[in-house]
Amino acid sequence: MHNLKDLKLAIFGAGRWGMNHVKTAASILSPENIIVFDSDPATESKIKSVNNQITFIKYPGTNNQYQDFNLAVIATPVETHFVLAKKLLEDGKHILVEKPITLKANEAKYLLDLSLSHKLKLMVGHVLLYHPAVNRMKEEIENGKIGNLQYIYSNRLNLGAIRSEENSLWSFAPHDISIIQYLVNANPDEVIANGGAFIQKEIEDSTLTFLSYPRNVKAHIFVSWLHPFKEQRMVVIGDKGMFVFEDSLKNEKLKFYKKGFEFKNGSIEKFESEYEVIEFPNKMPLQEEHLHFYDCVLNNKQPLTDGKHAWEVLKILEQATASLKKL
Ligand SMILES: NC(=O)c1ccc[n+]([C@@H]2O[C@H](COP(=O)([O-])OP(=O)(O)OC[C@H]3O[C@@H](n4cnc5c(N)ncnc54)[C@H](O)[C@@H]3O)[C@@H](O)[C@H]2O)c1
């Protein structure tokens, strides 16, 4: 395989989020090279309204067009990810699996090992690592703009889609954990979580998770689908300045505040100035994620959100769950 024309992509699951994968793939690849597999036959008309040259196949089904692709996106509900991902890797397909990759860290590790032994790409849809604002923050942190990292927090709140197979922690926090892991570039020494289940028994609607990293870096993540308005805010604090990334805003999504404290003449003094808006390229994160997946497959590159990254995120989710459920 040398170029995009060689790619034949399968998309498993074209529900609320999977349809975004279908539209994104159709904006990059030839529609005749896209096959959508979904268990619900009613999905076919939605697919055909994107482009009627996209093939639809009911899956699981009897049709044997199954082998006609070389890479796949899995956007089915999380409880189906492991079985489907394992089958696709065993069949020699490169895969991009939606977050969370599985419901157990040992299953994520199994998929990671399988992908390595079959020399196949395993990527997870931690789409925010393809957000140009997150990439810009990472670059600026590496350039020393905020000095030494100290504290990160993330609020991902909305009156959102309630799930019954996973709680708000597993549904939302993979995004926040993956960004924090990317920015800190380490694994936490300690993970503590608390939360509350109000709508469905034992499925937490709101959770608060604390992470302690080496070199005295601390973080917390507050996620909820039981919240009066949408807020996606990440604050990254260093000893020379602070970033605020608010993806839920229309404008000025990424700001830099030169604020903090410094030792001067033997005392602690505050420094502060007006914020500066940080510009970033106007790119669609999901489109960047697809382009990266195709580039990794065609040019044998390591995905940014690879199986190891996915496994590390799952280990943190399991540690948070053990703390939350007081196991
Ligand atoms: N990256 C993101 O920002 C983001 C956002 C939302 C959802 N997600 C993830 O995407 C995945 C799907 O979420 P959703 O909200 O689209 O779910 P959904 O329930 O809306 O859609 C799932 C689709 O999969 C189909 N399906 C179910 N089992 C199947 C199977 N075995 N084979 C083929 N098709 C099957 C269903 O018919 C449905 O069309 C989840 O893992 C979710 O966490 C990611």
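This report looks at a predicted model of a protein with a ligand, going from the overall fold to the binding site.

## Overall build

Let's start with the big picture. The protein contains 8 helices and 16 strands. Its C-alpha atoms fit in a box of roughly 75 × 45 × 40 Å along the principal axes. For 327 residues, a compact globule would have a radius of gyration near 20 Å, so the 21 Å found for the protein agrees with that.

## Packing and surface

How much of the protein counts as buried? That would be 52% of its 327 residues. If you take contacts between residues at least 6 apart in sequence, 67% of them link residues at least 24 apart.

On the outside, the accessible surface adds up to about 15600 Å². Carbon and sulfur atoms account for 51% of that area.

## Around the ligand

Now for the binding site. The ligand has 22 residues around it, and the closest are Arg-16, Trp-17, Asp-38, Lys-99 and Arg-163. By character, this shell splits into 8 nonpolar, 8 polar and 6 charged residues.

## Polar contacts and burial

Which side chains put a polar atom by the ligand? Arg-163 is one of them, with a polar side-chain atom 2.7 Å from a ligand oxygen. His-81 also faces an oxygen atom of the ligand, with a side-chain N or O atom at 3.2 Å. Glu-98 pairs with a ligand nitrogen instead, its polar side-chain atom lying 3.0 Å away.

As for cover, the ligand on its own would expose 860 Å², and the protein buries 82% of that.

Key: Residues numbered from 1 in each chain as written. Predicted model: local features only at pLDDT ≥ 70, side-chain atom pairs only at ≥ 80, totals over all residues. Heavy atoms only, no water. Near = heavy atom within 4 Å. Polar contact = N/O pair within 3.5 Å; in protein donor to acceptor, adjacent residues only side chain to side chain. Areas by Shrake-Rupley, 256 points an atom, 1.4 Å probe, with all protein chains shown as cover. Nonpolar A, V, L, I, M, F, W, Y, C, P; charged D, E, K, R; others polar. Helix = DSSP H or I, 4+ residues; strand = E, 2+ residues; numbered from the N terminus. Rg over C-alpha atoms; globule rule 2.2 N^0.38 Å. Buried < 20%, exposed > 50% of the residue type's maximum accessible area, 1.4 Å probe, protein only. Contact = heavy atoms within 4.5 Å.
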